Structures are given as structure tokens and as C-alpha cells.
Amino acid sequence: MFNNIEFLNKELFWLLLLLPLAIVWYVFKYQRQTAELRMSTTQGFKGTSSFWTLFKHFLFVLRLIALALIITAIARPRTVDVSTKTKTTSGIDIVMAIDVSASMLARDLKPSRLDALKNVASEFIDGRPNDRIGLVEYAGEAYTKTPITSDKNIVQRALRDIKYNTIIESGTAIGMGLATSVNRLKDSKAKSKVIILLTDGVNNSGFIDPKIASELAVEYGIKTYTIGIGTNGMALSPIGVLPNNQLQFGRVQVEIDETLLKEIADATGGKYFRATNNRKLAEIYEEINKLEKTEIEEKKYYNYQEKYRPLILVAGLLLLLELLLRNTLFRSFV
């Protein structure tokens, strides 16, 4: 009955301080009303019972309990059942364009650039429950891994499946990756359309110029955040394939066309970031998450159930019992 209880008038519990005062008054009054009889010995009274004398105090206990219940009742105990209804008033459609070229296997981020990205991107996806997200992967060419969808399970599975392979043409076609992402978003009816384009290299493949792709993004009102991933200087990266088909790693100079990435971001109203380690990469996605806020309309419905009535009922019964006993078994003031 008193689960998830709250009291509307908590300040009235100060009235409970009247209870110890009432006890002090009762003891003082009882002592003054008790007659004293002096005698040399009480041997003749042995065996008499004082049960009724002690039982008289029970009436006062009933009154105290009733008073405590009344104070609790006027403090207005009640339970609150809260139901919440949320509605997305301004959703965001997001496409994450991910570079899957061989250089993304470099180990300057742990365990690799691609794996570090997938871990951070997975958390980013979980943090956007009210938005639609799609994935595009690109190397020397680009294709849609999954179209924009509100089903985060599909997006997460597709993200886990992204890996380096030799099926996609080698190279880094930034223009192709951006243009494919724009194509996924151009017909979107969302209030805001965003591309997060990540690469660790320079545009050296594809037949679409990145600047033309950025102009398409501007035409369709698509904001683009660009991320350059990789340490400054040298990084342990794939440099060849061993006879057993295992990749051979060596120290390679990190080359990222930051000028191009900044131009794309500036032209589309986005922002350029550089991720030189795992922590920085996570911070970048956190910042993008804060920059792109989804407007949520939340309505809460409160259902109150008053719980003072049973307390008043019990208190009334106790007072009635006290009055009945006082005028039947006991006829003296207590």
C-alpha cells in the first residue's frame, strides 16, 4: 500500500514532537493523581494483582497511536504513478562514411585504426536512439553498407561486419565516399542531415572530385564533419603481403590531406577534427554528439492515489475503542 509513497505536507511531521510531550504530561499527571498510603508493612497485600492498574495505561497508548496516525494522515501520503510519452520533434539523419583502405589497419591506435573507430562509432550509435543512421564504406570505390534506418540493431551488425578486404578496389576515394553518403541523404525529409566522414589518407582514387561532392552536400543542405585519423609522424602500417597471405607491417609516414578535409567541413557548415589516439577519437565523437542535438518533446502524466483514508479510519477506531473502554471498564480520567 505504501510503495513509492510521498508526503505532500512533510512539514507537518514536526507535530510528532507532541507525542513525547504528551507522555511527559501523562506521567506527571498520573503521579499527582495517585494517592499514597503509608504503613509499616505491606505483607498483608501480597498476592494482589496490579493488572488493572497497568492496563489503564493501555488507553493512553491507544490515544498516542491514534494521534500519530492522524498526524501522518494530514501530511497527505500518496503514491505517484508517472507515465512518460516522448516524441521526436526534430530528428537527425546521419551517414557515417568509413575509410576501409589497408592503411586503416595501422596500429598507432589500439588495436588498429579501424577497430578503434568501430568501438567508438558503436557507442555513438547507441547514444542516438531517436535518429536514423546509415553506413557507407569506401576505399578506392564506395558503396552503402546499410541505408539510413532507425533500427540500431541492423546498424550495429553492419558496423561489426566492416573490415578490410581485397574485394574493394585499393586506394582512398574521399570524393566517392562523400558523394555516396550525399546520395543516401539527398531525399531525406529530416530537419537535419549530417555526414561524418573519416579517413586516414589523401584522395588518390575514384572518379568524383571531393570538392564537387562537397558542393553536392551544400546543395542538399547536408552538414559534413570530417575526421583525420592517425598519429603525427610515423605509424606501423601494412606495407605488403607475405607468402602466407599475412600482411607485412612497417614504419610508414602518416599522410592525411587535412587541407582538403577542412575545406569540405567549412563548405558544408561542419567541422574538421584530428584523432591522433584512441582517447582523442572518443572525444571527437562525443563533441559531434553534443553539437548535433535531437529535439525531444516529453510529456509526463501523473496519477496520484491518496493513502490518508486508511490512517484516519484506523485512528478513529482506536479513539472509539479508548472511549468505549473508558466508559465501561474504566471510569477514571487517564
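This is a short talk on a predicted model of a protein, from its overall layout down to a few helices, salt bridges and backbone details.

Okay, so let's start with the big picture. We have 334 residues here, and 38% of them count as buried. The secondary structure comes to nine helices and 11 strands. If you take the contacts with a separation of 6 or more, 80% of them are between residues 24 or more positions apart. As for the outside, the protein exposes about 19,300 Å², and carbon and sulfur atoms supply 55% of that.

While we're on the surface, have a look at the N-terminal part. Leu15, Leu18, Leu21, Leu67 and Ile74 make up a nonpolar patch there, with about 400 Å² of accessible area together. Two elements each give two or more residues to this patch: α1, residues 18-33, and α2, residues 51-74. Leu15 sits in the loop between β1 (5-7) and α1. Its relative accessible area is 32%, so Leu15 is partly exposed.

Right after α2 there's a backbone detail to check. Arg76 has a positive phi, near 60°, and it's a residue other than glycine. You'll find Arg76 in the loop between α2 and β2, which runs 77-90. Arg76 comes out as partly exposed, at 27% relative accessible area.

Now, the helix I want to spend some time on is α6, residues 210-219. Which of its residues are buried? They are Pro210, Ala213, Ser214 and Ala217. Looking down the axis of α6, these buried residues fall within an arc of 100°, so they line one face of the helix. The general point behind that is helix geometry: with 3.6 residues a turn, residues three or four places apart point the same way. On the other side of α6, Glu215 and Glu219 are exposed. And what covers the buried face? The cover includes α5 (174-185), β7 (222-229) and α7 (258-268).

The ends of α6 are worth a look too. At the N-terminal end, Asp209 acts as a cap, with a side-chain oxygen 2.8 Å from the backbone nitrogen of Lys211. Past the other end, α6 is followed by Gly221, which has a positive phi, near 65°.

Let's stay with Lys211 for a moment, as it takes us into the salt bridges. The structure holds 13 of them. Lys211 pairs with Glu263, with N to O at 3.7 Å. Lys211 is in helix α6 and Glu263 is in helix α7, so this salt bridge ties together parts that are 52 residues apart in sequence. Are these two residues buried, exposed or partly exposed? Lys211 is partly exposed, with a relative accessible area of 46%. Glu263 is also partly exposed, at 38%.

Then there's a set of salt bridges around Arg113. Asp108, Arg113 and Asp200 are joined into one network by salt bridges that share partners. Arg113 pairs with Asp108, and the closest N and O atoms are 2.9 Å apart. Arg113 also meets Asp200 in a salt bridge, at 2.7 Å from N to O. That second pair links distant parts of the chain: Asp200 is in the loop between β6 (192-199) and α6, Arg113 is in helix α3 (residues 113-126), and they are 87 residues apart.

How buried is this network? Arg113 has 2% relative accessibility and Asp200 has 3%, so both count as buried, with the cut-off at under 20%. Asp108 is buried as well, with a relative accessible area of 16%. In general terms, side chains of opposite charge can pair when their charged atoms come close.

One last stop, on the way into α3. The peptide bond from Lys110 to Pro111 is cis, with omega near -5°. Pro111 lies in the loop between β3 (92-99) and α3. For anyone following along on screen, α3 is the helix that holds Arg113.

So, to pull it together, here's what I'd look at in this predicted model. There's the nonpolar patch, with α1 and α2 as the elements giving two or more residues. There's α6, with its buried residues lining one face and Asp209 capping its N-terminal end. And there's the network that joins Asp108, Arg113 and Asp200. That's it from me, thanks.

Definitions and conventions: Residues numbered from 1 in each chain as written. Predicted model: local features only at pLDDT ≥ 70, side-chain atom pairs only at ≥ 80, totals over all residues. Heavy atoms only, no water. Helix = DSSP H or I, 4+ residues; strand = E, 2+ residues; numbered from the N terminus. Buried < 20%, exposed > 50% of the residue type's maximum accessible area, 1.4 Å probe, protein only. Contact = heavy atoms within 4.5 Å. Areas by Shrake-Rupley, 256 points an atom, 1.4 Å probe, with all protein chains shown as cover. Patch = residues over 30% accessible without salt bridge, like charges linked within 9 Å, V, L, I, M, F, W, Y side chains within 5 Å. Salt bridge = Lys/Arg side-chain N within 4 Å of Asp/Glu carboxyl O. Arc of directions from axis to C-beta. Polar contact = N/O pair within 3.5 Å; in protein donor to acceptor, adjacent residues only side chain to side chain.
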